[in-house]
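Good morning, and thank you for making time on the agenda. I shall take the overall chain, then a sheet, then several helices and a loop residue. Please have the structure open before you.

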Amino acid sequence: MLGTVQNQSVSPVFVGRARELTRLVSALARAHAGEPQALVIGGEAGVGKTRLVEEFLAAACDPGTVTAVGGCVEIGADGLPFAPVATILRTLHRQLGAELIAAAAGREGELARLLPGIGLPGGPDAPRERHDEDGRARLFDLTARLLERLSEDRTLVIALEDLHWADRSTRELLAYLLRSASRGRLVVLATYRSDDIHRRHPLRPFLAELDRMRTVERIELSRFSRAEVRAQVAGILAAEPTPSLVERVFARSDGNPFFVEELACSITQGCRTGLSDSLRDLLLVRVETLPETAQRVARVVAEGGSTVEHPLLAAVAGLGEDDLLEALRAAVGAKILIPTEDGDGYRFRHSLVREAVGDDLLPGERSRLNRRYAEALEAHPALVPADELPARLASYWYHAHDPTRALPAVLRASVEARRRHAYAEQHGLLERALELWDDAPRDVRAALRPMDYVEVYPPCGCDPAGTPLRYLDLLAETAVAARLSADREGAYDVTKRALRLLERDDDPLRAAWFWIQRSRLMAAMGRGDGWAEISRAQELVDGLPPSPVHAEVLETAAGWGMLHDPGPESISTAERAVELARLVGAEETELRARITLGVLLGACGDVDGGLAELTAAREQAAASGRHAGLVVNADANLAAALETVGRSEESVAVARRGAENARCHGLRDGAAFAAANEAESLLALGRWDEATALATHGRDTSEHALYLGWAAMLLAHVAVLRGDHAAAEARIASAREHLGAQDHQPQNTVPLHHLTVAVAAGRGRFLEARAEVRAALAAGFPAAVHRYAWPLLHTAAAVEADVLGLPGADADRAATLALIRDAACRLPRLAPVWAAYAQLVDAELTRAEGGTDPAPWAAAEEAFGALDRPHPLAQVRLRYAEALLAQGGPEARDHAAVLLLQAREAAAALGAAPLTDAVELLARRGRLPLDDPGTPSAEPPGEEPEPFGLTTREREVLRRVAAGWTNRRIAEELFISPKTASVHVSNILAKLGVSGRGEAAALAHRLRLFPDVRA
């Protein structure tokens, strides 16, 4: 009986997952039809995720389907990146052979980073080694394309298990695959342990990202019901269990299938050790029933990793072959261990048991086992796959607490992680190397060479073959790895450490390099503008011979000038950076400097020259085949330059090209920035819904502070235009938070000033709006922000026009108007869009000074009519109609009616509620129809009488009498003559039965005819 129960501990009956299995099979059917599928299965440990996947894979087996499974391993935390992906590719290679080789043709060198054996990484077929975002993005893209090609002629099912243990690189590759898979007969499954996902677990944001993908289906497995527990126990025992047994198992297991299995076996065996209430003891119950030799082997396997190859286990266990096989037979028979799918090794059937066995090891026992594993691998490296050897040696030596052997092993593993573009894992390994550095003997450190372990950031001017590796070399490499893995905080901390050390060293070149890294990180994190750091770097390289670091310092300074102080000096710096980078052969620095130069030229008036330089830089970057990120960067800046001069349709096309290129290469931040430029152009074109969708998506998927600030500003702008001032205020606050208070880039500060003015005016806080205008004008407008400065001046002038005649509005009014006019005179008008805004600002200033001449508005309408700017054009037509009504006459009124109809149609299409309300109010004031512009413009006959027999027109006049207006002011407001206003007042007094205007006003207030009017 004992042996029977052990052999049947895995229930032969598949219980309780029929609905979930149906969902998986349905997804498989859709994949057969050519629609890629992605499913993520979550549930607590032991709930049956692996069993569900196994049942599905068994159901999927047919001649037209190929399946492959890869498990994430805990050693991933020690730097074994892409482990499940590599396992899946090896499985596919075994099954498909020549077909996979053909699908990878021409890209073997790059794909060999994940699948050794199909080519030499960085070989002749691969581009020059690049350890940056571009190389990583290329690897992701090639992997996705390989799976697409393999799934063209068959259905491909790949499963990644235990995603909670996945290294960051695996998570990011999986996310890229799920985002980019658009064709092919492909099913991607992933499982994770939900009870391990604590608040700060790295899988949590990944799962949140998956939830935003409509193409990913989530399946959550719950515990078994009492009836399902009964069915499972019956399957295990091959007999119907008694009700008392079911109740006992259900109560103790709480419906967890794995615990049901363990409890059923232990109870029916009458285990002498009894059952502990602790989970660990429960999991160890059946392990402790094994023979002592089998228990010993289980402990060895538990410390070896998620899976252990048989030859490696034989080398470490210290048993004879027969004794080892007998021990393994007992452990496998008891369902403690199971053979791996390829038949080369063993793993625990359930990770919980492995964890319990590992936790039961003594500290000295654990160190000794790790040392034996490391020594076995160093003696016979072929015992494990070659791509896993560096990471596993690093892990074993580290946990053996041997710094002498661990430091070189960890550094070799970091090189392998970098080779795979697994920068998060490289960063973790380098931090471990820094931890080990002081504990390693001096002679061990002296034997290390920079060329073997780091890319030597920056070039130190010495022979790396003859110079020992320095701690500062490790810090530089760590800073780069942290930045490339998007851990900006970690990178910043490393630069601080390095600069503290360099205070004692005479190494100006290296110090300048670290100051530049710190400058970029401060800007990216919103902690400052970075200029003090750039200035320090410039001081350090001043007078030194030309070098790549010197060129990088100049390029960074030019880039800072582009964002903060564009002008002749910044252009000169960019030109010197280009020349110096060419001189020292720093192509990437040269391209960055050329992009900066193009932006600066356009911002400072040479529009054609700037666009030409940007285009040429993009073409050079694309032709090299090594700078995908710079191609995206050039497109983003080219789109911005086109939008600056009002070529919005072209800007949208270029930005979309950049965003698509970025997505194809996995450059998430690059795609976000290109999308931000596209959204701005869409906003200008009146395609607000599209702009909002882009900004919202980018906000939800980017972690870059600058982009988050831009997205918030764009959403605030749309909210203002649509009259949602509460939302606008919240988004302005969000923008300020993300952009930080330390980095005052005009491209951010000027739009924020504009939004603040618009919200204050929309709320009726005109003095607050004026104060914000004066603050913006005091700060000034650098050359690069014309596209933001002109709309701000328009809003500022419109606010002053709207408050004309209001009590308390005269203080500082004349001075503010003079400041606005002076600022407008200083801004260039080279582009048609700038000239159109200049006409609009001039017209608003005329209105603000009491002028009613339609001519300035006619000129502004003509200027905007030639542009694709629907909202400003509608605003112009509103004010043009107002001026025509003030002019009077049938022709003017007819023209005004047409303009108001056009303005309302545009405003309604945009969803611009404030503009729509203003148009309809003016139409009511002018008594113009908005439904039929052909209606005669003469004064219409009297309307239906209202309370007191007042007509609608008389109520409009009474409202203004109640507010204390004179007849002349009423006449100006309602576009009638003072005599007509006087007649209306006389009729009102007679109908109300009062003797004067004061009594009429008092009666109106007493009866609350106009509750919003204050005397």
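A residue is called buried here when its relative accessible area is under 20%, exposed when over 50%, and partly exposed in between, computed with a 1.4 Å probe on protein chains only. Helices (H or I, at least four residues) and strands (E, at least two) are DSSP runs, numbered from the N terminus.

With those terms in place, strand β2 can serve as a starting point. Of its 7 residues, 6 are buried, so β2 is largely enclosed by the rest of the structure.

Two remarks on provenance. This is a predicted model, in which local features need pLDDT of at least 70 and side-chain atom pairs count only at pLDDT 80 or more, whereas totals for chains, interfaces and linings use all residues. Residues are numbered from 1 along each chain as its sequence is written, and side-chain values use heavy atoms, with hydrogens and water left out.

Now the chain as a whole. The protein chain has 50 helices and 8 strands, and its C-alpha trace spans about 120 × 80 × 50 Å along the principal axes. Of its 1015 residues, 56% are buried. Contact, throughout this talk, means heavy atoms within 4.5 Å. Among contacts in the chain with a separation of 6 or more, 68% are accounted for by residues 24 or more positions apart.

I turn to the sheet. Two strands are taken to pair if DSSP finds at least two bridges between them. In what order do the 5 strands of the open sheet lie? The order is β2-β3-β4-β1-β5, with parallel pairing. The edge strands, each pairing on one side only, are β2 (65–71) and β5 (216–220). Neighbouring strands are turned by 15° against each other on average, direction ignored; for such angles, axes are lines fitted to C-alpha atoms, for helices over the stretch in contact, and the values run from 0 to 180 degrees between N-to-C directions.

At the β2 edge, β2 and β3 pair in the parallel sense over 7 bridges. T65 stands opposite T155 in β3, and G71 has E161 of β3 as its bridge partner.

Strand β4 (residues 186–193) has neighbours on both sides in the strand order. β3 (residues 155–161) is joined to β4 by 5 parallel bridges, with I158 partnered by V188. β1 (residues 37–43) is joined to β4 by 7 bridges, also parallel, and there V40 is partnered by A190. Is β4 enclosed or open? All 8 of its 8 residues are buried, so β4 is largely enclosed by the rest of the structure. Its two faces are both covered, with L186, V188, A190 and Y192 on one side and V187, L189, T191 and R193 on the other.

Next, the helix pair α18 and α19. Helix α18 (residues 363–379) packs with helix α19 (residues 389–399) at an angle of about 145°, their axes being 7 Å apart. The crossing is left-handed, a term used when the near helix is turned anticlockwise from the far one by less than a right angle, with right-handed used if clockwise. Contributors to the contact include R371, Y373 and L377 of α18 and L393, Y396 and W397 of α19. By class, the contact comprises 7 nonpolar, 4 polar and 4 charged residues. Here Ala, Val, Leu, Ile, Met, Phe, Trp, Tyr, Cys and Pro count as nonpolar, Asp, Glu, Lys and Arg as charged, and the others, Gly among them, as polar.

Two further helices deserve mention. In α28 (residues 548–564), 15 of the 17 residues are buried, leaving the helix mostly covered. In α33 (residues 648–664), the buried residues include V652, V654, A655 and A659. The buried residues of α33 pack against α32 (628–644) and α34 (668–684).

Finally, a loop residue. L804 lies in the loop between α40 (786–802) and α41 (813–826). How exposed is L804? L804 is partly exposed, at a relative accessible area of 39%. Leaving aside residues up to four places away in sequence, L804 touches R813, R847, A848 and G850. L804 and E849 are 45 residues apart in sequence, yet their C-alpha atoms are 7.7 Å apart in space.

That concludes my presentation, and I welcome discussion.
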